[in-house]
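Trainee: I'd like to learn how to read a few features off a model. Could you walk me through them one by one?

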Amino acid sequence: MDVLADIGIPVASILVPTAIAIWLARAERKRGDESRYLERRRQAAEPVVLALAHFVSLDPLSEPMQPELRDLRGRIAVYRSSLRKSDLLSGDWLALRHVDGMRKWATAVDLIQESGGNPDAELIFNAVEPGHVWANETIELFSSWLAGVITDLDLQRDGARMLEQQRSDSISRSTAA
């Protein structure tokens, strides 16, 4: 029994602190990996938010919109490529929001062009307001998700709402034609 105690106690006194040190090192590495990932995700998200911010006050009469929409689409693609599987929903949601924004801005341009090139201030405001609202809502939802204020479920609900609206709009257009 003394031999077991003479060997077991010193071995345990070495193994237990070693096991704890290994566990702590792994935990620290995981925290570091998570921190680096979140920083990469934030860096990829920043240009998306800044591109969206331009649309909050975009004037399609004096600013070309198509290059801005293409730039935003590219930034969303870069953001999506930086994501791990657990965050892919946010990238898919952004792509869906982009399609929704393109529709809103295309409608705005169509309404302005239908005025014969001489739109009044009220027509311009009514035409571009949905695009401005879209940009502001997208920024707010995305930045809230990045900050952890809202969840994937909130993005899913917004995505489902957009898809339902698109379906409803398609049905309305087909019955009007």
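Trainee: Is L24 buried, partly exposed or exposed, and why?

Mentor: Start with the relative accessible area: under 20% is called buried, over 50% exposed, and what lies in between partly exposed. L24 comes out at 46%, so it counts as partly exposed. Do keep in mind that this is a predicted model. As for its place, L24 sits in helix 1, which covers residues 2-55.

Trainee: Which residues make a nonpolar surface patch with L24?

Mentor: L24 joins V16, I20 and W23 there, and the patch they make is about 430 Å².

Trainee: Where is I9, and is it buried or exposed?

Mentor: I9 is in helix 1 too. With a relative accessibility of 59%, I9 passes the 50% cut-off and therefore counts as exposed.

Trainee: How do I read sequence separation against distance in space?

Mentor: Take the C-alpha atoms of two residues and put both numbers side by side. I9 and I76 are 67 residues apart in sequence, and their C-alpha atoms lie 59 Å apart. For Q66 and W105, the separation along the chain is 39 residues and the C-alpha atoms are 9.4 Å apart. Q66 belongs to helix 2, residues 66-81, and is partly exposed at 46%.

Trainee: On to salt bridges. How many are there?

Mentor: The rule asks for a side-chain nitrogen of Lys or Arg within 4 Å of a carboxyl oxygen of Asp or Glu. By that rule the count is twelve. One of them pairs D87 with R41, at 3.0 Å from N to O.

Trainee: Which parts does the pair of D87 and R41 tie together?

Mentor: D87 is in the loop between helix 2 and helix 3, while R41 is in helix 1, so the bridge ties together parts that are 46 residues apart in sequence. Both D87 and R41 are buried.

Trainee: What about E137 and R97: how far apart are their closest N and O atoms?

Mentor: Those atoms are 3.7 Å apart, and the two residues form a salt bridge. This pair also links distant parts of the chain, with E137 in helix 4 and R97 in helix 3, 40 residues apart. The two partners differ in burial class: E137 is partly exposed at 39%, whereas R97 is buried at 1%. Look beyond the pair as well, as R97 and E137 are linked with D158 and R161 in a network of salt bridges.

Trainee: And where do K104 and D100 lie?

Mentor: Both are in helix 3, four residues apart, which is about one turn of the helix. Their salt bridge has its closest N and O atoms 3.5 Å apart. K104 is partly exposed at 27%, and D100 is buried at 8%.

Trainee: Last topic, pockets. Which residues lie nearest the centre of the largest pocket?

Mentor: K104 and D100 turn up again, together with R103, T107 and D169; the lining has 14 residues. The space in this pocket is about 210 Å³.

Trainee: Which helices supply the lining, and what classes of residue does it have?

Mentor: Helix 3 (88-114), helix 4 (121-146) and helix 5 (152-176) each supply at least two residues. Helix 3 has the largest share, with six. By class, the lining has five nonpolar, four polar and five charged residues.

Conventions: Residues are numbered from 1 along each chain as its sequence is written. This is a predicted model: local features need pLDDT of at least 70, side-chain atom pairs count only at pLDDT 80 or more; totals for chains, interfaces and linings use all residues. Side-chain values use heavy atoms; hydrogens and water are left out. On a 1 Å grid over the protein atoms alone, a cavity is a set of points where a 1.4 Å probe fits but cannot get out, and a pocket is an open set with protein on both sides within 12 Å along at least five of seven lines; lining residues have an atom within 4 Å of a point. Grid points are joined across faces, edges and corners, and a volume is the space filled by probe spheres set on the points. Ala, Val, Leu, Ile, Met, Phe, Trp, Tyr, Cys and Pro count as nonpolar, Asp, Glu, Lys and Arg as charged, and the others, Gly among them, as polar. Patches are made of residues with over 30% relative accessible area and no salt bridge: like charges are joined within 9 Å, nonpolar side chains (Val, Leu, Ile, Met, Phe, Trp, Tyr) within 5 Å. Accessible areas come from the Shrake-Rupley method with a 1.4 Å probe; for residues, only the protein chains shown count as cover. Buried means under 20% relative accessible area, exposed over 50%, partly exposed in between (1.4 Å probe, protein chains only).
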